[in-house]
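Here are my comments on the ligand site, set out as numbered points for you to read beside the coordinates.

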Amino acid sequence: MTTDHGYPAPRLYIDGAWCEGETGRTTEVVNPATGQVIGHVPLATTADLDRAAAAAAAGFVTWRGTPIAQRTAILHRAADLLVSRADEVGRIMTLEQGKPLAEAANEARRVAGALRWDADDARRAYGRVIPSEDGTLLSVRRHPIGPVAAFTPWNFPAGSPMRKIAAALSAGCSIIVKASEETPGTACELVRCFEDAGLPAGVLNLVFGEPAEVSAHLIAHPATRLVAFTGSVPVGKLLASAAGAAMKPSVMELGGHAPVIVCADADPVTAARRAAAAKFANAGQVCTSPSRFLVHESLVGAFTEEFVRAAEAVVVGDGLDEGVTMGPLANERRLTAIEGLVADAVARGAKVLTGGSRLDRPGYYYPPTVLTDVPDDAALMTDEPFGPIAPIVPFADLDEALRIANALPYGLAAYGFTRSTATAERLTREFEAGILSINHCGGSVHEAPSGGVKSSGYGREGGPEGLDAYLVTKRVSHLLTD
Ligand code: NAD
């Protein structure tokens with residue numbers, strides 16, 4: 001069923017069936033490009049969650065007992081379906097999240113790649129046989145951990161849920177995903193791909209609800225064996241504490257405030273173009289978005305000039321419109337937060353070189369904004385901005401730049417520009433972050449791990465490390481008998 005906006009009505013998916021919540025409670029889904037309500041998402045009750053947990057427990061037994069070749073074939077089929085539906089999934093994503101259609105459809109295609117990679121990698125989740133000292137047949141086995149409870153945000157409506165679904169299902173686990181109530185349509189489309197690919201009932205369940213209620217219930221539920229979360233640091237700490245209290249492991253993909261260091265030997269124009277492209281992708285609502293631009297004082301003029309040029313070349317508008325390269329912010333909270341950060345910086349003496357106030361039109365539009373003379377005590381220099389605003393700060397020597405870069409409690413992504421391999425190696429060693437890019441500001445890749453240090457979380461998504469949390473290691477010592 002679709003609404004007047006061509007937006008399909010989101011549903012819960014429990015034990016292989018689409019359903020409304022038990023009480024019929026819903027919350028609105030809003031198109032950030034217009035501020036209009038485009039749909040209603042059902043909110044699960046605890047009884048719905050208990051059904052999902054029971055389904056995941058039974059689904060786990062079915063799925064781990066399914067031969068891996070069969071599992072892999074189903075996952076590849078789901079990836080094929082997602083690719084064939086990417087344009088339609090992208091359209092739904094743009095309606096509910098705002099990013100430009102091409103970016104949204106590309107996200108759907110990319111996550112199909114992540115699913116394929118995990119599915120293939122899980123075929124190599126080898127154990128080992130150890131020459132034992134006591135003559136037993138001693139081996140190490142890797143088995144799926146069990147039902148996973150996953151909580152995902154609204155900035156990557158396909159990417160975030162798929163990272164968790166792909167790892168869980170590839171490892172042989174079942175999963176309950178609570179995707180964002182603000183972007184439920186994309187999550188439903190992902191689930192439909194698995195359903196149509198023949199995934200058995202109960203292996204993948206999708207719920208929406210009051211986030212705090214759902215997470216408290218599912219984390220404590222005896223069926224849940226692993227907690228996976230992507231979102232803000234404060235919510236991550238809350239969920240990690242709840243998981244710890246229940247002695248359950250967790251993977252926490254949290255926020256950052258990524259520094260970019262442009263060294264004295266870098267090309268300032270290339271650095272500015274690459275950094276600006278990354279900054280304004282998804283309107284800056286990316287946990288790894290470059291967000292503090294530390295530029296050597298000898299280059300800061302050329303870098304800033306090119307960065308402003310790139311910011312002004314961004315075409316802001318409804319993501320469904322041709323030629324738009326940056327959509328609105330995804331919700332009103334972000335708009336308020338960005339307005340607050342800019343007002344605070346300006347009150348403390350910052351200069352706005354371009355942008356600096358919301359667009360006068362319906363929807364949650366904030367233009368690419370570049371600031372200089374931002375003092376250290378401005379909130380923008382310490383709080384994750386999660387929006388299209390870029391403070392540019394000059395530095396005199398690399399020690400000082402690294403001190404500023406590492407001064408925050410975050411440690412997710414960091415970027416460096418330099419022509420010197422020795423300097424690049426120094427940045428690699430000394431940046432306190434889990435994801436480093438040198439001479440570019442690339443996004444995440446599925447063949448290598450992503451994740452943070454310090455308050456940015458723990459555990460990794462992607463690469464062989466991404467499966468680690470979803471597998472348990474068992475030592476088996478077998479005394480052979482006749
Ligand atoms: P928020 O902290 O309230 O929520 C972040 C996400 O967590 C949302 O998807 C929300 O539904 C979910 N959530 C909130 N409380 C929860 C709970 N008790 N249990 C389970 N899930 C819960 O903030 P927000 O306004 O949605 O986003 C603002 C900030 O969140 C941003 O500034 C950014 O720092 C961070 N964020 C980070 C990422 C990321 O990719 N790491 C993604 C989205 C948001």
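**Notes on the ligand site**

1. An oxygen atom of the ligand lies 2.5 Å from an N or O atom in the side chain of Ser232; please keep in mind that this is a predicted model, and that the distance to Ser232 is therefore a computed value.

2. The side chain of Glu384 also takes part, with an N or O atom 2.2 Å from an oxygen atom of the ligand, whereas at Pro211 a backbone N or O atom is placed 3.3 Å from a nitrogen atom of the ligand. On its own the ligand has 790 Å² of accessible area, and the protein covers 84% of this.

3. The ligand occupies the space of the largest pocket, and the elements that contribute two or more residues to the shell around the ligand are α7 (211–220), β10 (226–230), α8 (233–245) and α11 (332–347).

4. In total 21 residues surround the ligand, with Trp154, Ser215, Ser232, Arg333 and Glu384 as the closest; by character, the shell divides into 11 nonpolar, 6 polar and 4 charged residues.

5. Both domain 1 (12–254 + 456–475) and domain 2 (258–445) supply at least three residues each to the shell around the ligand.

Methods
Residues are numbered from 1 along each chain as its sequence is written. This is a predicted model: local features need pLDDT of at least 70, side-chain atom pairs count only at pLDDT 80 or more; totals for chains, interfaces and linings use all residues. Side-chain values use heavy atoms; hydrogens and water are left out. A residue is near a molecule or strand if one of its heavy atoms lies within 4 Å of it. A polar contact is a pair of N or O atoms within 3.5 Å; within protein, one must be able to donate a hydrogen and the other to accept it, and residues adjacent in sequence count only if both atoms are side-chain atoms. Accessible areas come from the Shrake-Rupley method with a 1.4 Å probe; for residues, only the protein chains shown count as cover. On a 1 Å grid over the protein atoms alone, a cavity is a set of points where a 1.4 Å probe fits but cannot get out, and a pocket is an open set with protein on both sides within 12 Å along at least five of seven lines; lining residues have an atom within 4 Å of a point. A molecule sits in a cavity or pocket if more than half of its atoms lie within 2 Å of its grid points. Helices (H or I, at least four residues) and strands (E, at least two) are DSSP runs, numbered from the N terminus. Ala, Val, Leu, Ile, Met, Phe, Trp, Tyr, Cys and Pro count as nonpolar, Asp, Glu, Lys and Arg as charged, and the others, Gly among them, as polar. Domain bounds come from an automatic or database domain assignment.
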